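Visitor: I should like to learn how to read the features of a structure that is new to me. May we go through them one at a time?

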Amino acid sequence: MNRTDFIENEKIRVLKLYTSQKHIEGFQSKYKFMEWFINQLNKQDFKCYYCETSIFDIRELMEKEKLKKRKIGHGFRGPILEIDKMNNDLGYRPSNCVLACYYCNNDKSYTLDSEKYKEFFGPTRKLFFDFLIKS
Ligand SMILES: [Zn+2]
């Protein structure tokens with residue numbers, strides 16, 4: 001999937017996400033929310049904020065069955081970048097949110113400090129993903 005197709009899919013997916021009440025406090029409308037998401041995707045160059053691995057590399061690892069997706073109810077976690085609240089107490093607002101891969105987001109959860117996670121765990125995960133890519 002190229003970047004243009006990926007962005008078009010994400011626009012549709014993210015607009016649907018906004019129905020959740022929890023997003024409303026920090027983003028004025030679902031269109032502002034979608035706009036923020038796409039800008040952030042470009043700003044982060046389609047990479048996870050923490051491990052700086054491209055979502056396209058992660059998707060390729062999945063396609064080659066070198067990395068598993070996490071099955072959830074109706075779908076999977078893994079093939080898209082997720083919205084992470086850097087400080088859980090500040091909720092969903094643009095200045096508090098970044099995009100993270102499922103593996104970093106799930107691991108960091110709300111238990112670890114965002115910048116410390118990026119400093120200590122991000123680079124190690126990147127090493128592991130790079131290893132998988134080369135293997
Ligand atoms: Zn990551």
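**Reading the model feature by feature**

Guide: Pro-94 has a relative accessible area of 34%, so it is partly exposed. This residue belongs to a predicted model, and Pro-94 sits in the loop between S3 and S4.

Visitor: How far apart are Pro-94 and Phe-33 in sequence and in space?

Guide: Along the chain, Pro-94 and Phe-33 are 61 residues apart, and in space their C-alpha atoms are 8.4 Å apart.

Visitor: Let us turn to the metal site. Which residues are the protein donors of the zinc ion?

Guide: The zinc ion has Cys-48, Cys-51, Cys-101 and Cys-104 as its protein donors, each through its SG atom, at 2.3 to 2.4 Å. Their spacing in sequence follows the pattern C-x2-C-x49-C-x2-C. One pair links distant parts of the chain: Cys-48 is in the loop between helix H2 (30–43) and helix H3 (55–63), while Cys-104 is in helix H4, and 56 residues separate the two.

Visitor: Why is the arrangement of the four donor atoms around the zinc ion called tetrahedral?

Guide: One looks at the angles that the donors subtend at the metal. Four donors count as tetrahedral if all angles lie between 85 and 135 degrees. Here the four donor atoms subtend angles of 104 to 116°, and therefore the arrangement is tetrahedral.

Visitor: Is Cys-48 buried or exposed, and what of Cys-104?

Guide: The cut-off matters here: buried means under 20% relative accessible area. Cys-48 has 2% relative accessibility and so counts as buried. Cys-104 has 0% and so counts as buried.

Visitor: How should I read the interior of the protein?

Guide: In soluble globular proteins, nonpolar side chains tend to be buried together. In this model the largest nonpolar core has 36 residues, and Leu-41, Cys-101 and Phe-129 are those with the most contacts inside it. The elements giving two or more residues to this core are H1, H2, H3, strand S4 (97–100), H4 and helix H6 (122–134).

Visitor: Which element gives the most to this core?

Guide: That element is H2, which contributes six residues.

Visitor: Where is Ile-58, and is Ile-58 buried or exposed?

Guide: Ile-58 is in helix H3. Its relative accessibility is 0%, so Ile-58 counts as buried. Between the C-alpha atoms of Ile-58 and Phe-129 there are 7.8 Å, although these residues are 71 residues apart along the chain.

Visitor: May we compare that reading with residues in other helices?

Guide: Val-14 lies in helix H1, and its relative accessible area of 0% means that Val-14 is buried. The C-alpha atoms of Val-14 and Glu-35 are separated by 9.4 Å, with their positions 21 residues apart along the chain counted as the separation. Leu-127 lies in helix H6, and with a relative accessible area of 61% Leu-127 is exposed. Leu-127 and Cys-51 are 76 residues apart along the chain, and their C-alpha atoms are separated by 8.8 Å.

Visitor: I should also like to read the backbone. What is the value of phi in Phe-46?

Guide: Phi of Phe-46 is near 65°, which is a positive value in a residue other than glycine. Phe-46 is in the loop between H2 and H3, and at 2% relative accessibility Phe-46 counts as buried. Ser-109 likewise has a positive phi, near 50°, and is a residue other than glycine. Ser-109 lies in the loop between H4 and helix H5 (114–120), and at 30% relative accessibility Ser-109 counts as partly exposed.

Visitor: Finally, how does one find empty space in a structure?

Guide: Rolling a probe the size of a water molecule over the atoms shows where empty space is left. In this model the largest pocket has a volume of about 840 Å³. It is lined by 31 residues, and the closest to its centre are Arg-13, Leu-17, Arg-77, Ile-80 and Glu-82. Two or more lining residues come from each of helix H1 (3–17), strand S2 (75–77), strand S3 (82–85) and helix H4 (102–108).

Visitor: Which element gives the most to the lining of the largest pocket, and how many residues of each class does the lining have?

Guide: H1 gives the most, with six residues. By class, the lining has twelve nonpolar, nine polar and ten charged residues.

Definitions and conventions
Residues numbered from 1 in each chain as written. Predicted model: local features only at pLDDT ≥ 70, side-chain atom pairs only at ≥ 80, totals over all residues. Heavy atoms only, no water. 1 Å grid on protein atoms, 1.4 Å probe; cavity = no way out; pocket = protein on both sides within 12 Å on 5 of 7 lines; lining within 4 Å. Points joined across faces, edges and corners; volume = space filled by probe spheres on them. Helix = DSSP H or I, 4+ residues; strand = E, 2+ residues; numbered from the N terminus. Nonpolar A, V, L, I, M, F, W, Y, C, P; charged D, E, K, R; others polar. Donors = N, O, S within 2.8 Å, 3.2 Å for Na, K, Ca; no water. Tetrahedral: all angles 85-135°; square planar, octahedral: opposite > 155°, others 65-115°. Buried < 20%, exposed > 50% of the residue type's maximum accessible area, 1.4 Å probe, protein only. Core = buried A, V, L, I, M, F, W, Y, C linked by side-chain atoms within 4.5 Å.
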